[in-house]
Amino acid sequence: MDAFSADPGSAAAARTPEDVFRELDRVALRTEAHARHRARVRVTEARRLPAAPVRCAGSGPLRRGGAADRATPEVAVLPGLPSWLPAVLAVQRGSAAVLRPQYAADGTARDFLVVGANHLELSGVERDPRDLLGGPLSQTRPGIRASGMYDVYRAALEGRGPASADDLDYVDLVGGGLQRGRLRGTVVLLPDEGLLLTNWEPVGDTRLSHRIQERSRLGWAEWDLVSGRMRWSHGLRRLLGLPTEPGAAAEPEHGLDGEARSVTSVDDVTAELLTLRRKIVPEDVPAFAADMSALLRGGEVVDREVTLRVAGQERRIRWIGHAEPEGAGVPDSLLFIARNITGQEELLSRALTETERLRRETAVDRRVSETFRQALTPPLGVLTAPWLSVGAVYVPSDSGVGGDWYKCRELPDGRVLLAVGDASGHGVDAASRAVQQRSALAGLAYTDHDAAELTTALGEVVYYSGLDATATCVVGHLDPGERVLRWASAGHPTPILVRDGVPRLVEAEHGVMLGVTAHAAYPLTTTLLRSGDLLLCYTDGVIERRGMDLDEGVATLMAAARECAERFASVQETVDCLSAALLGREAEDDATILALCVT
């Protein structure tokens, strides 16, 4: 059983918090030792990589003179370089260097000679820049090759322009000691000189990051197991009740905005972790120690909670831990993010209750919408006339069902009733009015009225419904014996007839929308159909788009109708093609197409 088991019945659970943390210290020390050993091995192996034979001239290491030359300069460059280079290096923030590429026989850049540098190491500590001059990076700073910086250098050479990286993990052996830093930087090609100007800075906090952390009551930290240092964000120090300024042993590490970030020394890591441990309430210690032990073994801790006592009050913290690199067994560093959730349990409970209520309402709306959709756009049956086929498609809007409807039915006298309508409005209210209008037409259709008289009667239904709403529709009767469609339009988009592969709008006189007046009269239009004709009736959702006028929308529909009619013989495949070309899975407004094909 794990020594940190939080099982109340286990022997570990009976131990004091001090015992638990002592065991955790031993695990942490072992992990740090393994991480440092692995880092040394990685850098040593990079140093052993053979340097490539070169074809460009380069200088050997710079030899310094007497004691008078020993004062550490801010900048150093090899003789013979442009006089302006020292000034450029002097104004760079972070670690800057000028490199001369060394090329293999095949023209590939295999190494880089340092011909100029400033006084800052990549890790941020100071150096004597003269120690680097004249030496290849593969020997003086082998960690650069392992970190991926070589790839950035080559990208600048090959692209003949700037190349950059936002987050590189740099580890190196300098003077027998390990140095590490997370860096961002830019490499610029100086084309006239054939040199590279490099500038690398530590990845730091910004003022925006501080504001976000304070307002969101969160923060982050990184425990570097290679160097033994801990980096705390300003927000996490405040959240955990730690001093917001590091102690005397802490080092300021400046971000891009010049603000200092807390980088705790090895000695202060122990002191601050001890302070943090004392803040954890005793009952949470076993579980917290078990989670930390799992992280030190290369695991991941997701969504844990721990209670601290900060300034005499309990503070509930939700935190996540992650070991890097993933799957390495022994991590190089541990990453943490934490948030103060004190007092949020009640808010969360209320939010969950409201969310559940909205979810149930949404589910009800979805069921109602689906019921309406099935009622308004049912499957089409097979017509008796073998030369006549129909197809339809309905696409809901992104807000759900709307007021579109269609109807196609054979009547007892042999005529075929065709109708497409659109009740004004959106959502369930529009759908309920559409059901009312479609049902009313179904009853009126069994009279001897022609299409114009049916439209007038349907307008009366809408007018006297008391809902203060309007609608549009096309209603027609197709006589199979004569192949003649007699139809009327109440403010509805004009049908399109595709004949001999050429689409055109059917000329007709339109009446007012349904519901505008009580007894509106509608003209009856007669259209003779021929073999091969395709007639399209549709709603405005097919041709209306934001930023597009109606004429443009109609032209788009006609172009799609020409292409789809040529590609497909089946009327249903044709309307499916139109839907895919014009509407996709959701439309801005619900959209319907009813097509009639004469063979």
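A disulfide is a pair of cysteine sulfur atoms within 2.5 Å, and this predicted model has one of them in the whole structure. The pair is C564 and C577, with the sulfurs 2.1 Å apart. Below, we start with that link, move on to the helices that carry it and the sheet they pack on, and finish with some other strand pairs.

**The disulfide and other cysteines**

- C564 sits in helix α14 and C577 in helix α15, so the bond ties together parts that are 13 residues apart in sequence.
- The link between C564 and C577 is left-handed, with -70 degrees about the S-S bond.
- Is C564 buried or exposed, and what about C577? C564 and C577 are both buried.
- Buried means under 20% relative accessible area, so C408, at 18%, makes the cut.
- C537 comes out at 12% relative accessible area, so it counts as buried too.

**Helix α14**

- Helix α14 covers residues 550–567; it has 18 residues and reaches 26 Å from its first C-alpha to its last, close to the 26 Å expected at 1.5 Å a residue.
- At the N-terminal end, D549 acts as the cap: one of its side-chain oxygens lies 3.3 Å from the backbone nitrogen of D551.
- Which residues of α14 are buried? They are G553, V554, L557, M558, A560, A561 and C564, so the disulfide cysteine of this helix, C564, is on the list.
- Those buried residues of α14 pack against β19, β20, β22 and α15.

**The five-stranded sheet and its helices**

- Five strands make up an open sheet, in the order β14-β23-β22-β19-β20, and the pairing is antiparallel.
- Why does one side of β14 and of β20 lack a neighbour in the sheet? β14 (388–395) and β20 (502–505) stand at the edges and have a single partner strand each, so one side of each is left open.
- On average, neighbouring strands of this sheet are turned by 20 degrees against each other, direction ignored.
- For β14, the link to strand β23 (residues 591–598) is antiparallel and made of eight bridges, and L388 stands opposite V598 in β23.
- Helix α15 (residues 571–582) packs on the sheet too, where it touches β14, β22 and β23; its direction makes about 25 degrees with that of β14.
- Helix α14 lies across β19 (496–499), β20 and β22 (534–538), and runs at about 145 degrees to β20.

**The β4–β5 hairpin**

- Strands β4 (residues 163–174) and β5 (residues 177–190) run antiparallel and are joined by 10 bridges.
- Within this pair, L173 stands opposite L178 in β5.
- How many residues lie between β4 and β5 in the hairpin? There are two, and G175 in the turn has a positive phi of about 60 degrees.

**Strand β13 and its partners**

- Strand β13 (residues 333–340) pairs with strand β7 (residues 218–224) over seven bridges, in the antiparallel sense.
- S333 in β13 is the bridge partner of D224.
- β13 also pairs with strand β12 (residues 313–324), again in the antiparallel sense, over eight bridges.
- In that pairing, I317 stands opposite N340 in β13.

Definitions and conventions:
Residues are numbered from 1 along each chain as its sequence is written. This is a predicted model: local features need pLDDT of at least 70, side-chain atom pairs count only at pLDDT 80 or more; totals for chains, interfaces and linings use all residues. Side-chain values use heavy atoms; hydrogens and water are left out. Two strands pair if DSSP finds at least two bridges between them. Helices (H or I, at least four residues) and strands (E, at least two) are DSSP runs, numbered from the N terminus. Axes are lines fitted to C-alpha atoms, for helices over the stretch in contact, and angles run from 0 to 180 degrees between N-to-C directions. Contact means heavy atoms within 4.5 Å. The expected span of a helix is 1.5 Å times one less than its number of residues. Buried means under 20% relative accessible area, exposed over 50%, partly exposed in between (1.4 Å probe, protein chains only). A polar contact is a pair of N or O atoms within 3.5 Å; within protein, one must be able to donate a hydrogen and the other to accept it, and residues adjacent in sequence count only if both atoms are side-chain atoms.
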